[in-house]
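Please load the structure in your viewer and keep the selection tool at hand. We will go from stop to stop, and each stop says what to pick and what you will find there.

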Amino acid sequence: MLRLASALLAGAMIIAPHARAYAQATPPPEAVVIGLTYDPGTKPGVLVLRVPGANGDSIRSILQNDFDNGDRINVIAKDGGGFPDSPTAGRNGNYQLYAQLGAHAIVQVTPTATGLHIAVHNVAQAKVARVRDFPLDGAPDSREWRMSLHAISDELELWITGVRGIAATRIAFVQGARNGRLYVIDSDGAFPTPVGNESGVMSPSWHPKGTHIAFSVIGSRGCCQIYVADLASSTSRQLAVGTGLNSTPVFAPDGAVIVYTHGEESGTDLFATTAFDRGPTRRITVGRGTDNTTPTFSPDGRKLAFTSGRLGRPEIYISDADGTNPELLTSYNFGDQNYRANPDWSPDGRLIAFQSILPGAQFQLNTISLRDRSVKALTSDGSNEDASWAPDSRHLIFSSTRTGTKQLFVIDSESGRWRQLTRNGGVRLPAWSPPLKR
Amino acid sequence: MHRVTRALALSVVATVALAGCRRKPEPAPAPVQTTPVSNPAPTPPPPACDAACEEAKRRAADEERRRLAEAARGSLTATIYFDYDRSDITDDARTKLDAKVPVLTQNTGIRIRIAGHTDSRGSDEYNLALGQRRAAAAKRYLTDRGIDAGRIEIVSFGEERPACTSEDESCWSRNRRDEFEITVGEITAVQTSSSVR
């Protein structure tokens with residue numbers, strides 16, 4: 001037992017003697033931004049010039065769409081009608097025309113032999129602020145090509161707003177209400193792609209490097225076994241965690257440990273094991289016959305949030321990553337009829353999203369602040385479930401019935417603006433990837 | 001304590017059956033309720049039974065045994081139901097579980113699987129755990145009454161295998177259930193009057 005514990009300690013999950021702040025330190029801006037000045041709280045206007053070449057229209061519309069989806073840029077569309085094709089500097093310069101449209105920055109894209117040459121103009125300073133050559137992978141309009149273009153969008157968003165975009169990401173989800181299969185789809189809804197051959201897939205969850213997806217499979221003999229899919233080969237491997245119920249796997253931030261739900265006659269509890277070899281399993285929660293499930297890690301790996309029914313109804317708890325110091329996170333009043341479940345910890349560590357339902361009502365999404373435990377409602381329309389944060393800690397993917405059948409939607413938690421990602425019904429349990437390309 | 005409760009329950013059931021009324025309609029009657037019926041049908045006194053008559057008697061006895069085995073199977077595999085977000089054994093479920101105990105006791109070669117299910121409300125993932133808790137509750141009820149734990153496997157399907165799919169209480173209540181399946185063995189021993197103590 002001691003050996004088991006010390007092996008785990010020596011391994012991936014190192015438990016600090018004292019808890020620190022949950023949030024990771026915000027990294028310093030890695031790139032020099034282009035020095036725009038605009039009012040705080042407003043979105044800078046960005047005009048993407050028409051792109052020459054065979055795929056110019058496609059390139060331009062992907063960049064514009066990514067900027068729009070990021071909710072940090074106001075995309076300005078202006079074409080033709082005698083409007084200049086590009087800004088000119090100097091005494092007879094025309095930057096003023098762009099300024100009148102509300103453009104703070106102009107993105108000028110020129111195709112090259114290997115990719116794109118991009119210049120970003122600062123309109124107020126009437127000059128080019130930054131240029132770079134970017135490679136493009138694969139054939140035009142292929143999955144790889146679009147992903148490398150999304151990575152360019154994210155970099156340009158960093159130049160312009162100081163915050164990297166989230167376009168170069170994908171979302172894993174389950175397609176099919178019964179005997180569902182694992183899919184990934186680009187953040188803009190392109191290329192829904194099956195992964196592996198398993199049917200009965202539930203609860204996909206990304207490796208922190210975006211290379212693997214862990215999920216559970218419910219079979220004819222009930223729930224569930226855990227698998228890890230390798231996205232490079234689209235093959236999956238069963239995790240050796242024994243019989244019984246094994247569900248809701250999540251990777252620890254170090255990528256080496258998986259925490260999951262294991263159920264027996266004595267209840268369901270969280271357990272940990274190694275993700276890529278046949279390591280030992282270790283109990284985390286001690287639920288004494290209650291349900292403890294749907295774990296989510298704090299970004300520093302020191303804490304876990306999870307759903308527990310130990311008070312009779314499901315509520316959100318947090319504990320240290322080894323299961324010690326469990327604490328009720330969501331407020332509970334005696335006689336409370338609420339039902340709160342499925343926490344997801346934001347990548348910046350500040351918020352936990354969860355779903356709650358009142359008797360006779362439908363599931364709605366909320367966030368709770370780790371700092372002051374204030375709760376904010378994200379949704380009110382339809383049944384909304386399974387929230388998963390984007391890497392920017394601002395957008396979330398979730399499933400909703402707001403337009404009829406259950407579909408996936410993206411919501412901006414700051415503005416409440418949402419968009420529909422999928423068009424085929426019967427999708428659920430989405431999980432937003434980490435950044436997949438830079 | 002359990003033995004006392006069970007003896008009491010059995011005698012109550014027998015009394016009710018003899019009275020021949022006020023019995024809740026069941027899809028398959030419990031075997032104990034059928035035995036008294038055969039008692040008041042005494043074999044008619046000789047003239048002696050010829051070969052055809054003996055054959056008929058044997059057929060009748062086989063038929064009766066088959067019918068009792070079917071009834072016992074019905075009791076053993078009868079579905080039990082739960083309240084919303086609960087795994088407590090209800091009074092109705094208790095009656096059904098009590099009827100399974102003698103079948104398991106007399107047919108020691110039988111193993112069963114209990115599958116816990118939930119309604120479509122609640123989180124898909126939390127419902128997997130709730131289904132597990134419901135299956136575990138029924139297993140605990142049976143093992144507390146002397147059934148070997150090794151004979152009972154439990155699984156959960158959460159809300160993934162509904163019995164019906166409409167979104168209203170009448171359907172939800174049919175989905176909050178434990179299903180019982182015989183995984184090993186057959187019912188050979190059936191309840192007779194002598195086995196009712």
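The tour begins with the chains as wholes and then goes on to domains, core, sheet, helix and interface. Keep in mind that this is a predicted model.

**Stop 1: chain A as a whole.** Select chain A and switch on a cartoon: 4 helices and 29 strands make up its secondary structure. If you colour by burial, 48% of its 438 residues come out as buried. Among contacts in chain A between residues at least 6 apart in sequence, 47% join residues at least 24 apart.

**Stop 2: chain B as a whole.** Now switch to chain B, where you will find 6 helices and 4 strands. Follow the chain from its N terminus and the elements come in the order α-α-α-β-α-β-α-β-α-β. Buried residues account for 35% of its 197 residues. Of the contacts in chain B between residues at least 6 apart in sequence, 75% join residues at least 24 apart.

**Stop 3: the two domains of chain A.** Return to chain A and give residues 45-161 one colour, for domain 1, and residues 170-432 another, for domain 2. How far apart do the C-alpha centres of domain 1 and domain 2 of chain A lie? They are 37 Å apart. In the contact, 7 residues come from domain 1 of chain A and 9 residues from domain 2 of chain A. On the domain 1 side, pick helix H2 (56-70) and helix H4 (143-161) of chain A, each of which supplies at least two of the touching residues. That side of domain 1 of chain A has no nonpolar residues, 3 polar and 4 charged.

**Stop 4: the largest nonpolar core.** In soluble globular proteins, nonpolar side chains tend to be buried together. Here the largest nonpolar core holds 139 residues, and A:Ala105, A:Val107 and A:Ile171 have the most contacts inside it. Helix H5 (residues 124-144) of chain B gives the most to this core, with 9 residues. Domain 1 and domain 2 of chain A each contribute at least three residues to this core.

**Stop 5: A:Ile171 and its sheet.** Centre the view on A:Ile171. Leaving aside residues up to four places away in sequence, its contacts include A:Val184, A:Ile185, A:Leu408 and A:Trp432. A:Ile171 stands opposite A:Trp432 in strand S29 of chain A. Select strand S6 (residues 170-175) of chain A as well: 4 bridges join S6 to S29 of chain A, and the two run antiparallel. Widen the selection to the 4 strands of this open, antiparallel sheet, ordered S8-S7-S6-S29 in chain A. Why do S8 and S29 of chain A each have one side without a neighbour in the sheet? Strand S8 (193-194) and S29 of chain A stand at the edges, so each has a single partner strand.

**Stop 6: a helix in chain B.** Select helix H4 (residues 91-106) of chain B. Its 16 residues should span 22 Å at 1.5 Å a residue, and its end C-alpha atoms are 24 Å apart, which agrees. Among the buried residues of this helix are B:Ala93, B:Lys96, B:Leu97 and B:Lys100.

**Stop 7: where the chains meet.** Finally, show both chains: the contact takes 29 residues from chain A and 20 residues from chain B. On the chain A side, the strands giving two or more residues include S9 (201-206), S11 (222-230), S21 (339-345) and S29 (427-432). By class, that side of chain A has 9 nonpolar, 13 polar and 7 charged residues.

Methods:
Residues numbered from 1 in each chain as written. Chains lettered and ligands numbered in written order. Predicted model: local features only at pLDDT ≥ 70, side-chain atom pairs only at ≥ 80, totals over all residues. Domains from an automatic or database assignment. Contact = placed C-beta atoms within 7 Å. Nonpolar A, V, L, I, M, F, W, Y, C, P; charged D, E, K, R; others polar. Core = buried A, V, L, I, M, F, W, Y, C linked by C-beta atoms within 7 Å. Buried ≥ 20, exposed ≤ 12 C-beta atoms within 10 Å, placed from the backbone. Expected span 1.5 Å × (residues − 1). Pairing = 2+ DSSP bridges.
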